[in-house]
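User: I am new to this structure and would like to know what lies behind the words used for it. Could you walk me through it?

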Amino acid sequence: MIKIQSITKTFGERVVLNEISGTFEKGKPNLIIGASGTGKSVLLKSIVGLTKPDYGQVFYDGRDFYGSDRETKIEIRREMGMLFQGGALFDSKNVEQNVMFPLDVLTKMPQEEKLERVNFCLKRVGLENVNSKMPSEISGGMKKRVGIARAIVNNPNYLFCDEPNSGLDPQTSILIDELILDLSEDLDITTIVVTHDMNSVMGIGEKIMFLYKGVKLWEGANTDITHSGVKELDDFVFANKVMNSLRGK
Ligand SMILES: Nc1ncnc2c1ncn2[C@@H]1O[C@H](COP(=O)(O)OP(=O)(O)OP(=O)(O)O)[C@@H](O)[C@H]1O
């Protein structure tokens, strides 16, 4: 479980995150949703330690990330897997080398064991016999799968996904969402997904935090999202035409 407390971040005069607190549970995807520019990515970066909040705390299974010494921070970092916007694969490395990269950097595992682990993860995300393909030779959905395989290769306790569906068609998006859901459950990891995709919200949003202009306005499950009573959340949810057509029913 990840717990955050009073996370606050300003850029100049602008308060981008205002006292955000909450918990992200183990064994499921926890969604952070909200309109563009509302602070989702800055919150994710604050949680993983890429952007230091002005104040506030992040607890990884009880370990205070910002309050801990260098060794503990490194230990927590080793337990993280990340899927960033756009997949961010190394263009000059093939699929196998991309997935193996965290093992090369973070472990002293023998080559044979690394290859076994890479193949296990590629199989787990539904990719086989593509080890020698270059990123330019595979589809957007496959790139995401490679990115996910790379994110789980080091057996993380925590998985972070920033807009995992960006640039994908709706059908492929659903498959990627289902993969993230399955992996979170099977591997029993705490997964945080930043998204503004209502399909993801309705598909895998068992636990959701809604941000609006840097403030947490609501949290709950997708089953309750259409009757939250929060106007800003309604505006976000029903901005989508399909969702809006359901509103009258
Ligand atoms: N390094 C930075 N310096 C100054 N302002 C920043 C910086 N990073 C983010 N911001 C501002 O913080 C606000 C929140 O940005 P953030 O990227 O978290 O939004 P978001 O909700 O993830 O949006 P999107 O869905 O478009 O990715 C934006 O107004 C952005 O311009």
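User: Which residues make the contact of helix 5 with helix 6?

Analyst: In this predicted model, Gly141, Lys144, Ile148 and Ile152 of helix 5 meet Thr172, Leu175, Ile176, Leu179 and Leu183 of helix 6. Sorted by class, that contact has six nonpolar, two polar and one charged residues. Glycine counts as polar here, so Gly141 of helix 5 belongs with the polar ones.

User: Why is helix 5 called roughly parallel to helix 6?

Analyst: Two packed helices are described by the angle between their axes and the distance between the axes. Helix 5 and helix 6 (residues 170-186) pack at about 15°, with axes 10 Å apart. Angles under 35 degrees count as roughly parallel, so helix 5 earns that description relative to helix 6. The crossing of these two helices is right-handed.

User: What makes helix 3 and helix 5 roughly parallel?

Analyst: The same cut-off of 35 degrees is used. The axes of helix 3 (residues 95-106) and helix 5 (residues 140-152) cross at roughly 30° and come within 7 Å. An angle of that kind falls under the cut-off, and helix 3 and helix 5 are therefore roughly parallel to each other. Their crossing is right-handed. On the helix 3 side, Val95, Asn98, Val99, Phe101 and Pro102 take part, and they meet Val146, Ala149 and Arg150 of helix 5. This contact divides into six nonpolar, one polar and one charged residues.

User: Why are helix 3 and helix 4 called oblique?

Analyst: Helix 3 and helix 4 (residues 111-124) pack at about 120°, and their axes are 10 Å apart. Roughly perpendicular covers 65 to 115 degrees, and roughly antiparallel begins over 145. An angle of about 120° fits neither range, so what remains is oblique, and that is the term for helix 3 and helix 4. The crossing is right-handed. Glu96, Val99, Met100 and Leu103 of helix 3 meet Lys114, Arg117, Val118, Cys121 and Leu122 of helix 4. By class, the contact has six nonpolar, no polar and three charged residues.

User: How do you know which strands are at the edges of the six-stranded sheet?

Analyst: This open sheet has the order 6-7-8-3-9-10 and mixed pairing. Strand 6 (80-83) and strand 10 (215-220) each have a single partner strand, so one side of each is left without a neighbour in the sheet. From one strand to the next, the twist averages 20°.

User: What makes strand 3 and strand 8 a pair?

Analyst: Two strands pair if there are at least two bridges between them. Strand 3 (residues 28-33) and strand 8 (residues 190-195) have six bridges, in the parallel sense. One of the bridge partnerships joins lysine 28 to threonine 190 in strand 8. Strand 9 and strand 10 run antiparallel and are joined by five bridges, including that of leucine 211 with lysine 216. They form a hairpin with two residues between them, and lysine 213 in the turn has a positive phi of about 45°.

User: How are the strands of the four-stranded sheet arranged?

Analyst: The order is 2-1-4-5 in an open sheet with antiparallel pairing. Strand 2 (14-24) and strand 5 (63-64) are the edge strands, each pairing on one side only. Strand 1 and strand 2 share seven bridges, and lysine 3 stands opposite threonine 23 in strand 2. These two strands form a hairpin with two residues between them, where glycine 12 in the turn has a positive phi of about 65°. Strand 1 (residues 2-11) also pairs with strand 4 (residues 55-60) over five bridges, with valine 58 as the partner of isoleucine 4.

User: Where does helix 1 lie relative to strand 1, strand 2 and strand 4?

Analyst: Helix 1 lies across those three strands, at about 120° to strand 1. Helix 1 also lies across strands of the other sheet, including strand 3 and strand 8, and runs at about 155° to strand 8.

User: Which helix gives the most to the shell around the ligand?

Analyst: That is helix 1 (residues 40-48), with three residues. The residues around the ligand include Phe11, Val16, Lys40, Ser41, Val42 and His196. By class, the shell has three nonpolar, seven polar and one charged residues.

Conventions. Residues are numbered from 1 along each chain as its sequence is written. This is a predicted model: local features need pLDDT of at least 70, side-chain atom pairs count only at pLDDT 80 or more; totals for chains, interfaces and linings use all residues. A residue is near a molecule or strand if its C-beta atom, placed from the backbone, lies within 6 Å of it. Axes are lines fitted to C-alpha atoms, for helices over the stretch in contact, and angles run from 0 to 180 degrees between N-to-C directions. A crossing is left-handed if the near helix is turned anticlockwise from the far one by less than a right angle, and right-handed if clockwise. Two residues are in contact if their C-beta atoms, placed from the backbone, lie within 7 Å.
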